[in-house]
Amino acid sequence: MERTFAIIKPDAVAGKKAGQILARIEEAGFTVKGMRLTHLSKAAAEGFYAVHRERPFFGELTDFMSSGPCVLLCLEAPDAIRKWRTLMGATDPAKADAGTLRRDFGTSIGNNATHGSDAPETAAFELGYFFRGMETL
Ligand code: ATP
Ligand code: MG
């Protein structure tokens with residue numbers, strides 16, 4: 001078993017797509033081990049995306065991620081990290097495969113509906129950034 005960290009981003013929550021996305025997560029075989037609705041502060045978004053600090057879109061990205069509530073998730077499945085990124089699809093919804101979440105719910109490369117950890121080390125950092133141990137038993 002493996003765990004990954006996922007976010008249903010503010011665009012999808014505002015668009016009332018969180019329920020549909022959660023259904024797709026469960027239908028794909030993930031177990032939800034932790035879940036919380038939260039409105040990130042700008043500082044919390046900047047800390048989360050610190051690896052992207054030098055990227056030109058950092059300000060836009062952290063403004064967006066702190067623009068409204070999002071759903072934080074700890075997901076468990078065999079090969080969860082890769083499996084979740086496959087279900088999300090490519091970063092740019094226009095390039096994401098048919099049947100992926102970003103294709104179905106994203107509207108632009110910035111407003112792309114979901115986040116997923118990209119490696120075991122980032123999953124560990126991101127889960128620890130948002131969840132206390134007792135929240136993901
Ligand atoms: P995420 O980390 O959110 O799961 P990702 O791993 O597919 O997405 P990253 O390269 O880590 O993509 O970029 C992080 C996020 O920054 C993207 O999800 C997207 O919302 C935003 N982003 C990436 N590239 C751009 C860009 N060129 N312009 C605007 N926003 C971008
Ligand atoms: Mg990423």
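# A guided reading of a predicted model

Tutor: Of the 15 residues around ligand 1, those that come nearest are K9, T91, N112, H115 and G116. Please keep in mind throughout that this is a predicted model.

Student: Which atoms of Y49, and of which other residues, lie close to an oxygen atom of ligand 1?

Tutor: The general idea is to look for pairs of N or O atoms within 3.5 Å. In this structure, an N or O atom in the side chain of Y49 is 3.0 Å from an oxygen atom of ligand 1. H52 also places a polar side-chain atom 3.0 Å from a ligand 1 oxygen. With G110 the backbone is involved: one of its N or O atoms lies 3.2 Å from an oxygen atom of the ligand. As for the surface of ligand 1, the ligand taken alone exposes 580 Å², and the protein buries 82% of that.

Student: H115 was named beside the ligand. Where is H115 found, and is H115 buried or exposed?

Tutor: A residue counts as buried when its relative accessible area is under 20%. H115 belongs to strand β4, residues 114–116, and it is buried because its relative accessible area is 8%. The side chain of H115 also makes a polar contact of 2.9 Å with the side chain of E126.

Student: Let us turn to the strands. How should one read the two sides of a strand such as β3?

Tutor: In a regular strand, side chains alternate between the two faces of the sheet. In β3, C70, L72, C74 and E76 point one way, while V71, L73, L75 and A77 point the other way. The residues on both sides are all buried.

Student: Why is β3 described as largely enclosed by the rest of the structure?

Tutor: Strand β3 covers residues 70–77, and eight of its eight residues are buried, so the rest of the structure largely encloses it. Its neighbours may be read from the pairing. Strand β1, residues 2–8, runs antiparallel to β3 and is joined to it by seven bridges. Strand β2, residues 31–38, likewise pairs with β3 in the antiparallel sense over seven bridges. L75 in β3 serves as a marker: T4 stands opposite L75, and V32 stands opposite L75 as well.

Student: Strand β3 contains C70 and C74. How many disulfides does a search of the whole structure find?

Tutor: The test is whether two cysteine sulfur atoms lie within 2.5 Å of each other. A search of the whole structure finds zero disulfides. The cysteine sulfur closest to that of C70 is in C74, and the 15 Å between them is too far for a bond. Both residues are nevertheless buried: C70 has a relative accessible area of 0%, and C74 is at 1%.

Student: How does one read the faces of a helix, and which residues of α2 are buried?

Tutor: An α-helix has 3.6 residues a turn, so residues three or four places apart point the same way. In helix α2, residues 18–27, the buried residues are A18, I21 and I25. Viewed down the axis of α2, these buried residues fall within an arc of 65°, so they line one face of the helix. On the other side of α2, G19, E26 and E27 are exposed.

Student: Which residues have a positive phi, such as K16?

Tutor: Most residues other than glycine have a negative phi. K16 is not a glycine, yet its phi is positive, about 60°. K16 sits in the loop between α1 (10–14) and α2, and it is exposed, with a relative accessible area of 71%. D79 is another non-glycine residue with a positive phi, near 60°. The place of D79 is the loop between β3 and α5 (80–88), where D79 is partly exposed at 36% relative accessible area. Just after α2, G29 takes a positive phi of about 105°.

Student: How far apart in space are G128 and F5, which are 123 residues apart along the chain?

Tutor: Separation along a chain and separation in space should be read independently. The C-alpha atoms of G128 and F5 are 9.4 Å apart. G128 is found in helix α7, residues 120–130, and is exposed, with a relative accessible area of 54%.

Technical notes
Residues are numbered from 1 along each chain as its sequence is written. Chains are lettered from A and ligands numbered from 1 in the order in which they are written. This is a predicted model: local features need pLDDT of at least 70, side-chain atom pairs count only at pLDDT 80 or more; totals for chains, interfaces and linings use all residues. Side-chain values use heavy atoms; hydrogens and water are left out. Buried means under 20% relative accessible area, exposed over 50%, partly exposed in between (1.4 Å probe, protein chains only). Helices (H or I, at least four residues) and strands (E, at least two) are DSSP runs, numbered from the N terminus. Two strands pair if DSSP finds at least two bridges between them. The arc is that of the directions from the helix axis to the C-beta atoms. A residue is near a molecule or strand if one of its heavy atoms lies within 4 Å of it. A polar contact is a pair of N or O atoms within 3.5 Å; within protein, one must be able to donate a hydrogen and the other to accept it, and residues adjacent in sequence count only if both atoms are side-chain atoms. Accessible areas come from the Shrake-Rupley method with a 1.4 Å probe; for residues, only the protein chains shown count as cover.
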